[in-house]
Amino acid sequence: MKKKILIMGIETSCDETAVSIIQDNGSKPPKILANIVSSQEQVHKKFGGVVPELAARSHLEKIEMITKKALKKSKVKLNDINAISATAGPGLIVCLSVGFSFAKSLALALKKPLIAVNHLEGHALSPMFENKLKYPYLLLLISGGHTQFLVVKGLGKYKRIGTTIDDALGEAFDKTSKMLGFGFPGGPKIEKYSKKGDPKKFDLPMPIINKGGCNLSFAGLKTAVLRAKILLKTKKDKYDLAASFQATVLKIIYKKTKIAIGKFRKISKGKSLVIAGGVASNQEIRRIIKKICYEEKFKSYFPKMNLCSDNAAMIAITGLKKFKKRKFDKLNFPVRPRWPLDRRAKFLKGSGVKL
Ligand SMILES: Nc1ncnc2c1ncn2[C@@H]1O[C@H](COP(=O)(O)OP(=O)(O)OP(=O)(O)O)[C@@H](O)[C@H]1O
Ligand SMILES: [Mg+2]
């Protein structure tokens with residue numbers, strides 16, 4: 001019997017050291033044999049954000065041990081792995097270098113193909129462990145560093161139709177949480193405390209809600225939270241502000257996703273909307289997306305909760321898809337701190353941006 005393809009995925013783009021081993025499953029979604037994620041939450045907690053040098057050092061300390069753990073868990077021998085895939089970008093250069101150099105050494109020593117993976121493509125394909133997703137689909141990528149609407153036409157084929165012109169949504173959650181003293185990472189904290197608050201208490205702005213198509217902006221919302229903070233007296237006030245922030249985000253997502261679907265319809269016959277990235281674990285966001293899909297007769301797809309935030313299984317599945325197309329990379333492939341999925345899309349950040 002023919003042996004099933006085994007792929008190793010390695011992820012170190014930011015503050016998670018992760019290694020996964022997956023197995024191809026023919027026409028069914030691939031099987032995750034091991035998916036080890038070591039979070040550096042404790043390392044960065046006291047700084048309220050990721051410190052690149054500390055993150056890189058921690059990756060260096062852990063990468064070998066996490067790889068051994070993944071091999072043990074999957075009961076796979078290193079030599080039986082068909083290819084080594086690893087995140088080559090985008091991300092923090094010092095962090096990417098650790099995982100990608102490690103992957104290169106493994107590939108060289110084992111004489112196996114090296115596959116450079118775009119971390120964002122990993123997020124985009126992450127729901128494919130659960131679902132047989134067909135191209136084209138509309139993707140709302142909401143993570144710590146990105147917020148974009150993309151038309152996914154195929155492996156490596158992306159057209160960006162909307163993006164944030166300033167902060168990423170995950171960043172807005174993190175900064176709001178920091179301002180309210182809830183800690184880091186902020187998304188899960190804001191979601192938790194919002195449940196105790198009144199979402200109508202504060203009237204917060206929705207920047208560029210009526211212009212810029214499905215481009216988004218969160219910087220003004222964040223500043224409004226900073227201003228409103230002065231008015232807070234009790235714990236309940238804090239919860240109210242958290243709930244008002246989240247409710248405003250939901251309104252923005254509702255309006256902008258509807259516009260994105262309209263644009264998607266003009267260029268594609270697809271009827272699927274995929275939500276991926278760390279912020280996709282937010283239950284209220286999932287609820288609003290399901291509502292939109294019901295209204296628009298679209299089908300919504302979400303990654304499993306443990307595959308929303310950074311992990312290496314999503315890198316391995318991208319590696320597997322590239323492996324099947326024999327898209328291998330040379331050992332001199334560089335890490336790419338900036339690596340947009342749609343390379344032709346205009347850079348839409350900073351003052352003077354014309355929407
Ligand atoms: N329940 C939640 N609600 C809202 N945001 C959340 C939730 N859980 C996680 N997040 C946010 O998700 C982000 C992390 O997601 P992810 O790991 O995909 O980002 P990243 O890898 O740092 O960025 P990128 O993928 O753009 O490089 C953080 O900003 C975190 O606050
Ligand atoms: Mg990520």
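**Reading the sheet and its helices**

Mentor: Let us start with E4 and E5, two parallel strands joined by 5 bridges. This is a predicted model, in which local features need pLDDT of at least 70 and side-chain atom pairs count only at pLDDT 80 or more, while totals for chains, interfaces and linings use all residues. Residues are numbered from 1 along each chain as its sequence is written, and chains are lettered from A and ligands numbered from 1 in the order in which they are written.

Trainee: How do you know that E4 and E5 pair?

Mentor: Strands pair if DSSP finds at least two bridges between them. E4 and E5 have 5, so they pair. Ala-86, for instance, has Ala-116 in E5 as its bridge partner. Strands (E, at least two residues) and helices (H or I, at least four) are DSSP runs, numbered from the N terminus.

Trainee: What makes the crossover from E4 through H3 to E5 right-handed?

Mentor: With the strands pointing away from you, the path from the first strand over the helix to the second runs clockwise. The β-α-β crossover from E4 through H3 to E5 is right-handed, so its path fits that rule. H3, residues 93-110, lies across E1, E4 and E5, at about 155° to E4; such angles run from 0 to 180 degrees between the N-to-C directions of axes fitted to C-alpha atoms, for helices over the stretch in contact (C-beta atoms, placed from the backbone, within 7 Å).

Trainee: Why is E4 called largely enclosed?

Mentor: A residue is buried if 20 or more other C-beta atoms lie within 10 Å of its own, exposed if 12 or fewer, and partly exposed in between. In E4, 7 of the 7 residues are buried, so the rest of the structure largely encloses this strand.

Trainee: Which residue of E4 is the bridge partner of Ile-10?

Mentor: Ala-86 is that partner. E1 and E4 run parallel, with 4 bridges between them.

Trainee: What makes E3 and E5 edge strands?

Mentor: The open sheet has 5 strands in the order E3-E2-E1-E4-E5, with mixed pairing. E3 (28-39) and E5 (114-118) each pair on one side only, and they are its edge strands. From one strand to the next, the twist averages 25°.

Trainee: How do you know that E2 and E3 pair?

Mentor: Their 9 bridges satisfy the rule for pairing, and E2 (residues 16-25) and E3 run antiparallel. Thr-17 stands opposite Ser-38 in E3. Lastly, look at H10, which lies across E1, E2, E3, E4 and E5, at about 135° to E1.

Note on methods
Contact = placed C-beta atoms within 7 Å.
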